[in-house]
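Q: I have a structure open here and would like to talk through it step by step. Could you help me read it?

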Amino acid sequence: MTPAPDLRGYAGVRAVVLGASGFIGRWAGHALTGAGAELHAVVRDVAEARRVFANYGVTAQVHEADLTDFEQTRRLLLRLAPAIVFNLSGYGVDPGERTEGSDRLAGVLNADLPGMLAKSLAAIPAPGWAGRRIVHVGSILEYGQIGGHLEESSAAAPFNLYGRSKLAGTLRLTEACESAALPGLTARLCQVYGPGEHPGRLLPMLIEARGHTQPLSLSIGTQSKDFTYVGDVAEGLLRLGLTAGGPGEVVNLASGRLDTVREFTLTAAHLLRLEPGRLKFEKPLPDNELQHLEVATDRLRTLTDWVPATTLADGIRRTLDFLDRRSDG
C-alpha cells in the first residue's frame, strides 16, 4: 500500500486510534497503515476487531480497553506514549445505543473522555513530532438548529443528547488543550457514508434491498445534507493531524456541498439497479431534522490545502465495489 504523498509524515510514527474497529475508526486505521505508521488500535473486543481489520486492510497492535475506565485508559496511554491519538470513540450515534443508561455513557464517552485524553497526553512527551497530539471527532449535531452557513465560530445550540454531549466534549478538549498548550483539535463530521456503516442507516438499507422486491417506505427526502465519503473523512483526519495550529481549535471536516436525501437515494438506487417504483418517498421528515446552508470548509482548506472531493456517485460506487470484495458485505 503506497501512502499519499501528503501523509508520508506518519511513516514510523506511533499513532493510537481509540474506537479503531468502529465505522470511521477502521478507515482511519486503514489510512494510517497505508501511511506506514506504527499503529496501536484500542478496541472493546479484540477478536471482533481482528476480523474487521483483516477485511479493511488494517495492520496494528490491538489493545482491549474499557474507555469508561479513565485510570485504565491513562495507564495505557502512558505505556504506549504515542505521538498522536485519534479519538473516534463515542456513544449514541446509532439508534441501538439509545437505551437505558444512554445519558451516563454519553456523558462519560462523549463529554468527559476528550478532556481527560488531552490532560493525559500533556504529560507524555513526543520528541520530534510537530503535528497535533490529539484529533478528536465531533459532530455537525453540535451546531443544532442555528441555520445558515455552519461556521466553526457559530454559537452552537444542540437539541438532543448526542449533540449536547459531543459539544461538551469539544469544549472540554479545548479547555484542556489551552491549559496545557497542547496542539489538538476537534474535527466536526457531517453525514458520513461508506463501507462499515451501521445496518440501520440509509445506504446499508438500500444495499439490503437488492435481496428482496418489497417497496421501500422512505422520508420525502427534501432535507439537505453534506454527504462525505468515509475514505475522504479518514484522509482528512490524518491531514489535520499533520498540521500546526491553535490548541483545541475546531475544524469542519466536510465537503462543503449539499445534496438532498432524495438525490442520494436516487443515485444509490440507480447504481444498485433498484426499480424506481419501489422507492416510496412518503414519510414526513424526522423531528428536529437539521436545516442549514453549506457547511463552511474555509478553515479545513487553509490548514490542509484540501477538501473532500468524492462525488455521491463515486462514493457509492466505491462502497459497492468494496463490499462486493469483502465477506462482510
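**Starting with Q72**

A: Let us begin with Q72 in this predicted model, where Q72 is partly exposed, with a relative accessible area of 27%. That label follows because partly exposed covers the range between under 20%, which is buried, and over 50%, which is exposed.

Q: OK, and where is Q72 in the chain?
A: Q72 belongs to helix 3, which runs over residues 70-80.

Q: What does Q72 touch, if we skip its neighbours within four places in sequence?
A: With those neighbours left aside, Q72 is in contact with A65 and D66. For D66 there is a further detail, since the side chain of Q72 reaches the backbone nitrogen of D66 at 2.9 Å.

Q: Let's zoom out for a moment. How many helices and strands are there in the chain?
A: The chain has 10 helices and 13 strands.

Q: And what are the spans of the C-alpha trace along its principal axes?
A: They are about 60 × 40 × 40 Å. The radius of gyration of the chain is 19 Å, and this agrees with a compact globule, because a globule of 329 residues would have a value near 20 Å.

Q: What share of the residues counts as buried?
A: Of the 329 residues, 54% count as buried. As for the surface, the accessible area of the chain comes to about 14400 Å², and 50% of that belongs to carbon and sulfur atoms.

Q: What about contacts between residues that are at least 6 apart in sequence, how many of those join residues at least 24 apart?
A: Among those contacts, 78% join residues that are at least 24 apart in sequence.

Q: Where do the charges sit, I mean how far apart are the mean positions of the positive and negative ones?
A: The chain has 34 positive and 37 negative charges, and their mean positions are 3 Å apart.

Q: Back to single residues, then. Is S255 buried or exposed?
A: S255 counts as buried, because its relative accessibility is 8% and the cut-off for buried is under 20%. S255 is found in the loop between strand 11 (249-253) and strand 12 (259-260).

Q: Which polar contacts does the side chain of S255 make?
A: One polar contact of 2.8 Å joins the side chains of S255 and D226, and the side chain of S255 also reaches the backbone nitrogen of R257 at 3.1 Å. When neighbours within four places in sequence are left aside, the residues in contact with S255 are D226, F227, T228, T297 and P308.

Q: Is there another serine to look at, say S165, and which helix is that in?
A: S165 has its place in helix 5, and S165 is buried, with a relative accessible area of 6%. Its side chain makes a polar contact of 3.0 Å with the side chain of N110, and beyond its neighbours within four places in sequence S165 is in contact with A106, N110 and A111.

Q: New topic, backbone angles. What is the phi of A181?
A: The phi of A181 is near 55°, which is a positive value in a residue other than glycine. Most residues other than glycine have a negative phi. A181 lies in the loop between helix 5 (161-180) and strand 6 (184-189), and A181 is exposed, with a relative accessible area of 63%.

Q: And what about D305, what is its phi?
A: D305 has a positive phi of about 55° although it is not a glycine. D305 lies in the loop between helix 9 (298-304) and helix 10 (312-325), and at 71% relative accessibility D305 counts as exposed.

Q: Now distances. How far apart in space are R26 and A234?
A: Their C-alpha atoms are 8.9 Å apart in space, while R26 and A234 are 208 residues apart in sequence. R26 lies in helix 1 (residues 23-34), and at 10% relative accessibility R26 counts as buried.

Q: And how far is V108 from A15?
A: From C-alpha to C-alpha, V108 and A15 are 23 Å apart in space, and in sequence they are 93 residues apart. V108 has its place in helix 4 (residues 102-122), and V108 counts as buried, at 16% relative accessibility.

Q: Last one, what does V108 touch?
A: Not counting residues up to four places away in sequence, V108 touches T68, F70 and L113.

Key
Residues are numbered from 1 along each chain as its sequence is written. This is a predicted model: local features need pLDDT of at least 70, side-chain atom pairs count only at pLDDT 80 or more; totals for chains, interfaces and linings use all residues. Side-chain values use heavy atoms; hydrogens and water are left out. Helices (H or I, at least four residues) and strands (E, at least two) are DSSP runs, numbered from the N terminus. The radius of gyration is taken over C-alpha atoms; the globule rule is 2.2 Å times the number of residues to the power 0.38. Buried means under 20% relative accessible area, exposed over 50%, partly exposed in between (1.4 Å probe, protein chains only). Contact means heavy atoms within 4.5 Å. Accessible areas come from the Shrake-Rupley method with a 1.4 Å probe; for residues, only the protein chains shown count as cover. Lys and Arg count as positive and Asp and Glu as negative; His and the chain ends are not counted. The place of a charge is taken as NZ of Lys, CZ of Arg, CG of Asp or CD of Glu. A polar contact is a pair of N or O atoms within 3.5 Å; within protein, one must be able to donate a hydrogen and the other to accept it, and residues adjacent in sequence count only if both atoms are side-chain atoms.
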